[in-house]
Amino acid sequence: MLIILAFIILFHVAAAILLFVATIHNAWWVVSQAGRDVIYADLWYSCNSTCYPVENSHTVDAAYLQTIQATMILSTILCCVSFFVFILQLFKLQQGERFLFTAIIQLLAALCVMIAASVYTAQKNSFHLANLREGTYGSSYILAWISFPMTLMSGLMYLVLRKRK
């Protein structure tokens, strides 16, 4: 039982780290034009040798971008909260009870990541400048999609898991 518990904790921590990196790192979109510096665009800035904010990110035209920012931050927060709730429930639950509250929070984190990555996929051209539209998805975008099934599986594991002695 101790090995399973260690695996679940490591799996949850790995998902949280992926969420942090996907949210913070500036490589959701990569543009490499011939003879020019590589430009990395994330949810807040576009960077080559210097960084500048995404244009009109505070306007109604960039509501999709604000949705992505909010859901990625929310998913990271929910993943961390569910970890602490799991630790608390580990000591407070009676023997034989399920970790339902932890599972619900973790499944909400998975839903938020899926929403953010899906909206980014569908609306990437609406908030990128014309000269940035000829790029490719970056590592943070891929990490966001990888963290979705990890948080989903983690939530399902908590749903099935019962506390034992």
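Contact, in this tour, means heavy atoms within 4.5 Å. The model on display is a predicted one.

**The whole chain**

Begin with the entire protein in view. Its secondary structure comprises four helices and five strands. Followed from the N terminus on, these elements come in the order α-β-β-β-β-α-α-β-α. Of the 165 residues in the protein, 43% are buried. Among contacts with a separation of 6 or more, 71% are between residues 24 or more positions apart. Should a surface be displayed, the protein exposes about 9,000 Å², and carbon and sulfur atoms supply 69% of that area.

**The paired strands**

Next, select residues 29-32, which form strand β1, together with residues 38-41, which form strand β2. These two strands run antiparallel and are joined by four bridges. To see one position of this pairing, pick Ser 32, which stands opposite Val 38 in β2.

Keep β1 selected and add residues 136-137, strand β5. Here too the pairing is antiparallel, and it extends over two bridges. Which residue of β5 is the bridge partner of Val 30? Selecting Thr 136 shows that partner.

**A buried serine in helix α4**

Move now to helix α4, residues 139-160, and select Ser 147 within this helix. Is Ser 147 buried or exposed? Ser 147 has a relative accessible area of 0%, and the limit for a buried residue is under 20%, so Ser 147 is buried.

Display the side chain of Ser 147 and the backbone of Ala 144. A polar atom of that side chain lies 2.8 Å from the backbone oxygen of Ala 144. Then, leaving aside neighbours within four places in sequence, highlight the residues in contact with Ser 147: Ala 15, Leu 18, Leu 19 and Val 113.

**A nonpolar patch on the surface**

Finally, return to the surface and select Leu 100, Ile 104, Leu 108, Leu 111, Ile 115, Leu 152, Leu 156, Leu 159 and Val 160. Together they make a nonpolar surface patch of about 730 Å². The elements giving two or more residues to this patch are α3, spanning 100-127, and α4. Helix α3 provides the largest share, with five residues.

For a closer look at one member of the patch, select Leu 108, placed in helix α3. Leu 108 has a relative accessible area of 40%; this value falls between the limits of 20% and 50%, and Leu 108 therefore counts as partly exposed.

Conventions
Residues numbered from 1 in each chain as written. Predicted model: local features only at pLDDT ≥ 70, side-chain atom pairs only at ≥ 80, totals over all residues. Heavy atoms only, no water. Buried < 20%, exposed > 50% of the residue type's maximum accessible area, 1.4 Å probe, protein only. Polar contact = N/O pair within 3.5 Å; in protein donor to acceptor, adjacent residues only side chain to side chain. Patch = residues over 30% accessible without salt bridge, like charges linked within 9 Å, V, L, I, M, F, W, Y side chains within 5 Å. Areas by Shrake-Rupley, 256 points an atom, 1.4 Å probe, with all protein chains shown as cover. Salt bridge = Lys/Arg side-chain N within 4 Å of Asp/Glu carboxyl O. Pairing = 2+ DSSP bridges.
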